[in-house]
Structures are given as C-alpha cells and as structure tokens.
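Okay everyone, grab a seat. Have a look at the structure on the screen, and then I'll walk you through the charged pairs, the cysteines and a couple of odd backbone angles.

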Amino acid sequence: MTGFGDRHTDPRTGGDRSVRTPKNLTPRASWTARRVSGTWTLGSGTAGSGAEGQDLRSQFNLWITSPPGDFVQLPVPIIQQLYHWDCGLACSRMVLRYLGQLDDGEFESALQELRLTRSIWTIDLAYLMRHFGVRHRFCTQTLGVDKGYKNQSFYRKHFDTEETRVNQLFAEAKACKVLVEKCTVSVQDIQAHLAQGHVAIVLVNSGVLHCDLCSSPVKYCCFAPSGHRCFCRTPDYQGHFIVLRGYNRATGCIFYNNPAYADRMCSTSVSNFEEARTSYGTDEDILFVYLDS
C-alpha cells in the first residue's frame, strides 16, 4: 500500500503540534508469564497499562510455543506521537523498544539517512525496520501507489510529489532486502502472529476505528474529546498507524497501542478492527515484525 497516517490539526492548540511532548510510561517489574488456554502470554493484569525498558528477551525465555490461545496481551511500550503526521514513526519507536533495539540518536540518524519527512508511508516503515536489521514482512493489496487515491482528500496534497518516490521504494524493495508481498491477511493470521510474541503495525481508517476501553469525558481521544471513541469520526478516510499487541478470543477483541495516547492500551472488537483496516484507502497494509530479529 501507499498509505500514510495522520493529517490532523490539534483543536486544543489550533496548530499541527500536539499539546505536550510524550512521556514514556514508568518501567514495570511486575510483568509475568501466564498460561491461558494453550498459550503463554505476558501481562500485568491491568488493561490500560504498558511496560518498557525491560529485558524482553529474558522475559520471553518463559515463552512456550503453542497453537494460538484464547488470550494474548504483550508488553509493548506506549510512545505518543509528537505531531499530527508522525504516528507511523511513533509506532516504529514502540516496536523497536519492544525488541530492545531503540536508541534515540540512532533512530534520528536513520530518519535522516532514509530521508523520511512529514509524509510517512507504510513502505517507509518497512525500510526503517530493514535499516535496524529487524525481521519483517509487509503485506498489502497494492504494490505501489494506487492512482485511484489521487482525488481523495487525505492523499491529494502529497500525491503528485510522493507518487514517484513511493513507487521507486517498491521497485527497489527486493534489492534492498525489504520483504513486501501482495497478499490477503486474515484475522486468524494476525492472531497466530501475536500468539508467538510478535507484533504488527497496521494502517487503519481512524474515522472508523473506536476503542471500547476509552471512557473520556476527562481524557482526550486522538486530539479531541469524543466520548468512548479513540478517534473523531469524519466522513472521509483518515489514515492512522497503530501497533497490535494482543487479542481476547472469548470477548472477540483486539488490543492495540494508539500513538495518539501516552497512557493506555486500547481495545476494539474484531469486526470494528476489520472494518477499519480494510477501509478504502488502507490497501489493507500490515507490517509484521518478529521478536527474533
């Protein structure tokens, strides 16, 4: 897919920048392994918590490979995006920290080397994973830029300037050892991936995705107060990247980190997740990232 995320203006400030610089959550030492219906999972027992700064590789020494179970909740750290356009970069930071590979200086150098600016596409994130030697697999419905998006409001501003660049990245992907596949991914595929302790960055339509855990008259959701929804609903497509971190088969939900937040894990129904990730404009982009990188 050619998609990129976040073109929001912050209604609290009237500008492009978020109100405050994100603060990472305090590292927790209480993450434990527990077996739930056939698979080992990691969690603290708190639905909205995150963890970071831990030796995840040693934690996963407790992991026993089994068929996908009924419940998985991975300790993926929560890192908030800084601007209206960098949700994909924030998701990449979460993933790299989860893998124990994030160094802020190296990350900034990588952005400069890969010439990543305000227009971040899913293929850019795949190249970023490759830059850090992270095993990955980018699945999409379109190998390049879909010309049908040219007149979509979300893509229109950057389409002409980005089309050539993005198509070139797809064309050079194999030579650069960036794994890209045109394929369809099922929810079962995603759950099997998560059950092994791996994670994924997914492009969704933020106008469709909503969180069942966020109750906010008090908190802000995706830059605006929106009741129980993580995003403000708009009639047009709004691309946004999220990080998948688990699921609950019994309740039929998917757990994910939304980079619009700095303090919580989100959850939505499988049906809502599928609607958001298969919306026109996403090309069903999903970047699988592997723990054994």
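So, which residue forms a salt bridge with Asp124? That's Arg165, and the closest N and O atoms of the two are 2.9 Å apart. By salt bridge I mean a side-chain nitrogen of Lys or Arg within 4 Å of a carboxyl oxygen of Asp or Glu. This pair links distant parts of the chain, with Arg165 in helix α5 and Asp124 in helix α4 (residues 122-131), 41 residues apart. Helices and strands here are DSSP runs, numbered from the N terminus: H or I with at least four residues for a helix, E with at least two for a strand.

Before going on, a word on where this comes from. It's a predicted model, where local features need pLDDT of at least 70 and side-chain atom pairs count only at pLDDT 80 or more, while totals for chains, interfaces and linings use all residues. Residues are numbered from 1 along each chain as its sequence is written, and side-chain values use heavy atoms, with hydrogens and water left out.

Back to our pair: buried or exposed, what is Asp124? Buried, at a relative accessible area of 2%, whereas Arg165 is partly exposed at 25%. The cut-offs are under 20% relative accessible area for buried, over 50% for exposed, and partly exposed in between, using a 1.4 Å probe and protein chains only.

The structure holds eight salt bridges. Another one joins Arg93 and Asp104, at 3.2 Å from N to O. Arg93 sits in helix α2 (residues 87-98) and Asp104 in helix α3 (residues 104-113), so the pair ties together parts that are eleven residues apart in sequence. Add Glu108, and Arg93, Asp104 and Glu108 are linked in a network of salt bridges.

There's also Arg135 with Asp292, at 2.9 Å from N to O. Arg135 is in the loop between α4 and β4 (136-140), Asp292 is in the segment after β10, and their positions lie 157 residues apart in the numbering.

Now, how many disulfides does the structure hold? Zero, where a disulfide means a pair of cysteine sulfur atoms within 2.5 Å. Take Cys183: the closest cysteine sulfur to its own is in Cys139, 3.3 Å away, and that's too far for a bond.

Last, the odd angles. Lys177, which isn't a glycine, has a positive phi, near 60°. Lys177 lies in the loop between α5 (153-172) and β5 (180-182), and is exposed at 59% relative accessible area. Glu284 also has a positive phi, near 55°, and its place is in the loop between α7 (270-277) and β10 (286-289).
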